[in-house]
Amino acid sequence: MATQSPPTTLNELWRIRSFGLHQRVDPKGKPWWFHNNERSPYGVMILQYTVSGKMVYRDAHGEVEVTPGHAALFAFDEESEYGIRREFPETLSTQHFVLEGAGLVAHGNAIRRQFGSVFNLGEDNPILQHLRELCGRPAPRSTAEVSLAAAEVYSVFMRLYTFLDERHSSEKRPVERAIDELQRHAIGSLSLKEVALRHGCSREHLTRVFSERLGTSPARFLKRAKLIRALELLRETRLPVQRIAEQCGFASKHTLARWVRVETGATPGGYRGREAKG
């Protein structure tokens, strides 16, 4: 039986709109299937966690069974659906949390784009424990309490992202983790050899896989990323060329000047003046 949380006058803040912690569905009973494009309100995100049994989640990417320890994350007013089939042998036991707040669906969709709509949380996950704890608290009575509750719901969502990101990274091959680091931290003084060693692969293997995947060598990729950032700083700031070289990971201002000349045909000062004139 779902329990409705009391309304608040600050609906733009994140909150648990409603929840159900003891939902049980017999596959031999009445049909249990939901088309989310027919449901409202718009702007809510639902985390549906399977305790025992299993259900099916389906969207444009295909169909996935949501087994014990797994959760589905979805929104109303979208082309997705879920439910149970009559041939499933076990009663389905679930917990669900309906969350709402300004920007929450965008955050949820970002998580789904990166990790999918169905993911493994395992049993006794602290994130789920925190959500259940929040559901058991009395309704906020003041603006300060509402704001504090909103911050806690937000923190749960961010912890979910961190949990999925860390597990996803740990499941990657060493060379894939090395490639991720190179792409995330291209602006800086990265050493290809050090990155490879840090992730347990050889420099040669990292170079080969990186080149196959991105169509360019790591050295060219890093130089290009640094140069693009340096040109942005030349156009948009008055920082000295030496400072720009340091910030973008060039060995010296002379190295930066050489690459700027190759790219633009001008010195850093000449490029900056030309861009300023428009």
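**Reading burial, cores and overall form**

User: Let's start with one residue: is Pro27 buried or exposed?

Analyst: Pro27 is buried, because its relative accessible area is 5%, and the cut-off for that word is under 20%. Keep in mind that this is a predicted model.

User: Where does Pro27 sit, and which residues does Pro27 touch?

Analyst: Pro27 belongs to the loop between strand 2 and strand 3 (33-35). Leaving out residues up to four places away in sequence, Pro27 touches Ile84, Arg85, Arg86, Phe88, Glu90 and Thr91. For a distance across the model, take His61: 34 residues along the chain from Pro27, with 25 Å between the two C-alpha atoms.

User: Now the cores. How many residues does the largest nonpolar core have?

Analyst: The general idea goes like this: in soluble globular proteins, nonpolar side chains tend to be buried together. Here the largest nonpolar core holds 28 residues, and Ile16, Leu47, Phe97, Leu99 and Phe119 have the most contacts inside it. Elements giving two or more residues to this core are strand 2 (15-25), strand 4 (44-52), strand 7 (70-75), strand 9 (92-100), helix 1 (104-115), helix 2 (126-135) and helix 3 (143-171). Helix 3 supplies the largest share, 6 residues.

User: Can we zoom in on Phe97? Which residues is Phe97 in contact with?

Analyst: Setting aside neighbours within four places in sequence, Phe97 is in contact with Ser18, Phe19, Leu21, Met45, Ile46, Leu47, Leu128, Leu131, Arg132 and Cys135. Apart from the largest core lies another one, of 17 residues, including Tyr57, Ala72, Ile84 and Val118. You've met Ile84 already: Pro27 touches it.

User: Zooming out, how many helices and strands are there?

Analyst: The protein has 10 helices and 10 strands. Its radius of gyration is 25 Å, well over the 19 Å that the globule rule gives for 278 residues, so the protein is more spread out than a compact globule. The C-alpha trace spans about 75 × 45 × 30 Å along its principal axes.

User: And what share of the residues is buried?

Analyst: Buried residues account for 41% of the 278. On the outside, the protein exposes about 15,500 Å², with carbon and sulfur atoms supplying 52% of that.

User: What about contacts along the chain, and the charges?

Analyst: Take contacts between residues at least 6 apart in sequence: 70% of them join residues at least 24 apart. As for charges, there are 40 positive and 32 negative, and their mean positions lie 9 Å apart.

Terms used: Residues numbered from 1 in each chain as written. Predicted model: local features only at pLDDT ≥ 70, side-chain atom pairs only at ≥ 80, totals over all residues. Heavy atoms only, no water. Core = buried A, V, L, I, M, F, W, Y, C linked by side-chain atoms within 4.5 Å. Buried < 20%, exposed > 50% of the residue type's maximum accessible area, 1.4 Å probe, protein only. Helix = DSSP H or I, 4+ residues; strand = E, 2+ residues; numbered from the N terminus. Contact = heavy atoms within 4.5 Å. Rg over C-alpha atoms; globule rule 2.2 N^0.38 Å. Areas by Shrake-Rupley, 256 points an atom, 1.4 Å probe, with all protein chains shown as cover. Lys, Arg positive; Asp, Glu negative; His and termini not counted. Charge placed at Lys NZ, Arg CZ, Asp CG, Glu CD.
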